[in-house]
Amino acid sequence: MTGKQSGKDANMSNIPRLAEIIAAHAHMAGPTLPTLHAIQAEFGHIPAEAIQMIADSENRSRAEIHGVVTFYHDFREAPAGRHVVKVCRAEACQAMGGEAVAARVAARLGLDFGATSADGGVTLENVYCLGLCATAPSALIDDRLCGRLTEARVEKLLAGIER
Amino acid sequence: MTVTFYVPQDAAALSVGADEVVEAIRLEAGRRGIAARVIRNGSRGLFWLEPLVEVATPAGRIAYGPVAPEDVPALFDAGMAEGRGGLGPTEDLPFLKAQTRFTFARCGVIAPLSLADYAAMDGWKGLARAIAMEPAAIVAEVTKSGLRGRGGAGFPTGIKWKTVLDAPGAKKYIVANADEGDSGTFADRMLMEGDPFHLIEGMAIAGLAVGAEHGYIYTRSEYPHAIAIMQAAIGLARDAGYLGASVMGSGRAFDMEIRAGAGAYVCGEETALLESIEGKRGQVRAKPPLPAHEGLFGYPTVINNILSLTAVPFILDKGAETYANVGFGRSRGTMPIQLAGNIAHGGLFEIGFGITLGELVNEVGGGTASGKPVKAVQVGGPLGAYFPPALFDTPFDYEAFAHAGGLIGHGGIVVFDDSVDMAKQARFAMDFCAIESCGKCTPCRIGSTRGVETIDKIIAGRDVAANITLVEDLCETMKFGSLCALGGFTPYPVLSALHHFPDDFAKAPRAQAAE
C-alpha cells in the first residue's frame with residue numbers, strides 16, 4: 001500500500017531516517033505536529049513519502065495526514081531556497097511603513113511573495129506577526145530577527161545574504 | 001571590581017541589535033581593563049529604548065538606551081561603567097513608574113532562567129500557598145479576584161476552573177494558550193522570554209486547583225526564542241522539584257510540555273488549538289461541548305490565555321482582594337497593555353483597567369512615532385475595531401469597549417497616523433480572514449473572500465453606496481453566522497472603518513486620478 005501512492009517524488013533513501021524520526025515521536029500524545037516539525041527541520045520540507053509513513057504509524061488515513069500538512073502554512077511540500085526571507089505584513093508593521101519595505105524587498109530580490117528564485121537561492125514569504133510590533137516594521141531573514149526596518153536597511157541586510 | 005551590565009535577550013531587543021551591543025560592551029570593557037559581567041535579562045518593555053542597557057550601581061540599575069554598538073565607546077567615556085550619564089535609574093523612568101506591575105513585576109529585572117532570581121522576587125509563593133489549600137478554595141480565591149480571561153473573551157477564570165473541577169474525568173488537562181497571533185501584541189512572548197517560571201507556576205496552580213496532572217503550552221512557531229527559553233525553564237523546574245511526581249514535595253503530581261503551532265492564526269481559537277495539539281487540522285469545534293467538559297483528547301480541560309494563568313500566582317500570594325482592589329467596573333485587576341505600530345513610546349504598559357484610550361495613546365505612548373496626527377487606533381488585534389480620536393475617552397474595560405463597538409482582545413493597541421487609508425485597512429481585515437480561515441463554516445470561508453471583492457469595488461468607485469450596503473449586510477451574516485471569533489469578529493475592523501472613516505470609502509476614484 002505504501003509504494004504506489006507515495007507520489008512521484010518518492011525518494012527511497014529518505015525512508016530509514018524518516019522512520020527513525022517518526023518512531024522517536026510515537027510515544028507522544030498527539031505526535032503529528034511535533035513529528036512534522038522534526039521532519040521539516042531535518043529535510044527542509046515534508047517529503048511525499050513521509051505522509052503514508054506517518055499515517056501508518058498513527059493508524060490514521062493518508063488523507064488525514066495530507067490534510068494536516070496542507071492546512072498549516074509552515075509545512076512545505078518542496079524545499080525552500082537556501083535563504084528564507086519572511087516579511088511581516090500585519091497591521092503594526094503596516095502602520096510603520098511596512099508595505100513600502102515589503103515592496104522594496106520584493107523588488108530587490110526580483111521575487112513575488114510566496115516565490116523561490118530560479119537558482120534556489122532565496123524564498124520570499126509573508127508572515128503575519130513576529131511579535132516585534134513595537135519595533136516595527138520587521139522581518140526574519142533566515143534565523144535573524146530584524147526590527148525597525150527602513151528601505152535603506154533592507155538593502156544592506158539583503159546584500160549580506162545573497163547567494 | 002566587576003561591573004554588571006544587563007542587556008536583554010528578548011526577541012525585540014535582538015531584532016534591533018542587542019547581541020551586537022553585548023559584543024561591543026565586552027570589547028570596550030576589555031580594552032579598558034574593566035571586568036564586565038553581562039546578564040541577559042528579558043525586556044522591561046520600553047521598546048523604543050531597546051536595546052536598553054542597564055548598569056548595576058549601589059544606587060540601583062541605571063538605564064541607557066537605545067544603545068547602538070557604535071555608541072558604546074562614547075558611553076564608557078561618559079562613565080557608563082560607574083553609572084554616570086544615561087537616563088537615570090530604570091525604575092524612575094516615567095513609563096515604568098506609572099505602571100502597576102502585578103504580572104510583569106519580574107520581567108526584565110531577573111535573569112530568565114535563574115531559579116534563585118525567581119525565588120528572590122516572590123517566585124513560587126503562590127504555588128506554595130495553593131499547595132496548602134483545598135482545590136475548591138483555590139478556585140474560590142481566583143473567582144473572588146474577579147480575574148477574567150485575558151485572551152479577549154473576558155470569561156471569569158474562576159468559573160471556568162470550577163466547571164473543570166466539578167467535571168468528572170479520568171484525566172484533566174491544563175492548556176496555556178500562548179498562540180499570540182494578533183498583530184500589536186507581544187505580552188505572551190515577552191513573559192515567556194523574560195519570566196518563564198512564572199507561567200510554569202501559574203499552570204501548576206491551575207493543575208492543583210482542578211485536579212489536572214499534565215499541562216501543555218501551545219505557542220507559535222514564529223516564537224523560537226520563547227520556545228527555547230520555556231523548554232529550558234521546564235527542565236530546570238522539573239530538576240528542582242517544582243514539576244513532576246511531587247510538586248514542591250506536596251505528593252501531588254503536575255508536569256507539562258510545550259507544543260509549537262505551525263503558522264495558523266486560527267489555532268489561537270481555543271477549540272482549534274486543542275485540535276492542533278491532537279495532531280489535526282486546526283479547525284474550530286462546534287460548542288457545546290465546552291472544553292471544560294470535553295476538551296483535549298476528550299477530557300475536561302482548562303484552557304486559559306497565559307496572561308490569565310500568570311495573574312494567578314499574584315492572586316494566591318497577595319490575596320484576591322489585593323488584585324481586585326485595582327480595576328474598573330467588572331474588569332478587575334491589571335491588564336498588560338501593548339502599545340505598538342506608529343507610536344513614539346511603544347511597549348508593554350501594565351495598569352489597572354479604567355485608563356482611557358486617549359491617555360494610553362497620547363500620554364503614555366507620546367502620540368505617533370512619525371509626529372503626524374493620530375488618525376485611528378486598532379484595539380484588540382486583527383479582529384478588533386478601529387477607533388478614531390473622537391472615542392479616546394473610552395475607558396479600557398471589557399464592557400466599555402463592547403459598548404463602543406469594539407473589544408479589548410489581548411490588549412494590543414496599534415496606532416496609525418493620518419497617512420493610513422481606512423478602506424485599505426478594511427480590505428486587509430477581510431483578506432486576512434480569508435487567508436487564515438479554517439474553512440469549516442461558510443460565513444467565514446466564503447464571506448471573507450466576497451468581502452475582499454466587494455471592498456475592491458468600493459475602492460474602485462463602482463456602485464459605492466450599494467456595495468457599502470452589501471458589505472454591511474455581509475458583516476451581519478459573518479458576525480452572527482460564524483462558528484468562532486475569526487469570522488465573527490472580522491466585521492469589527494471592517495464596520496468600524498466604514499462608520500468612523502466614511503470619507504476613505506468615497507474618495508477613491510478622485511484620489512487615483514490625482515496620483
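1. Two strands are taken to pair if DSSP finds at least two bridges between them. The remarks below apply that criterion to a predicted model.

2. In chain B, five strands form an open sheet in the order E13-E12-E16-E14-E15, and the pairing is mixed. Its edges are strand E13 (347-352) and strand E15 (386-387) of chain B, each of which pairs on one side only. Helix H16 (residues 357-364) of chain B packs on this sheet, where it touches strand E12 (334-341), E13, E14, E15 and strand E16 (412-417) of chain B. The direction of H16 makes about 120° with that of E14(B).

3. At one end of that strand order, strand E14 (residues 374-379) of chain B runs antiparallel to E15(B), and two bridges join them. Within this region Val377(B) stands opposite Phe387(B), a residue of E15(B).

4. A second open sheet of chain B has four strands in the order E8-E7-E6-E9, with parallel pairing. Strand E8 (255-260) and strand E9 (301-305) of chain B each have a single partner strand, so one side of each is left without a neighbour in the sheet. From one strand to the next, the twist averages 20°.

5. Within the four-stranded sheet, strand E6 (residues 173-178) and strand E7 (residues 214-219) of chain B run parallel and are joined by six bridges. The bridge partner of Ala178(B) in E7(B) is Thr219(B). Helix H11 (residues 224-239) of chain B packs on the sheet and touches E7 and E8 of chain B; the direction of H11 makes about 165° with that of E8(B).

6. Strand E1 (residues 3-6) of chain B deserves a separate comment. Val3(B) and Phe5(B) point one way from E1(B), whereas Thr4(B) and Tyr6(B) point the other way. Despite these opposite directions, all four residues are buried.

7. E1(B) pairs with two strands in opposite senses: it runs parallel to strand E2 (residues 36-39) of chain B, with four bridges, and antiparallel to strand E3 (residues 53-57) of chain B, with two bridges. Tyr6(B) takes part in both pairings, standing opposite Ile39(B) in E2(B) and having Glu54(B) as its bridge partner in E3(B).

8. Turning to chain A, the assignment divides the chain into domain 1 (2-71) and domain 2 (83-161). The C-alpha centres of domain 1 and domain 2 of chain A lie 30 Å apart.

Terms used
Residues are numbered from 1 along each chain as its sequence is written. Chains are lettered from A and ligands numbered from 1 in the order in which they are written. This is a predicted model: local features need pLDDT of at least 70, side-chain atom pairs count only at pLDDT 80 or more; totals for chains, interfaces and linings use all residues. Side-chain values use heavy atoms; hydrogens and water are left out. Contact means heavy atoms within 4.5 Å. Axes are lines fitted to C-alpha atoms, for helices over the stretch in contact, and angles run from 0 to 180 degrees between N-to-C directions. Buried means under 20% relative accessible area, exposed over 50%, partly exposed in between (1.4 Å probe, protein chains only). Domain bounds come from an automatic or database domain assignment.
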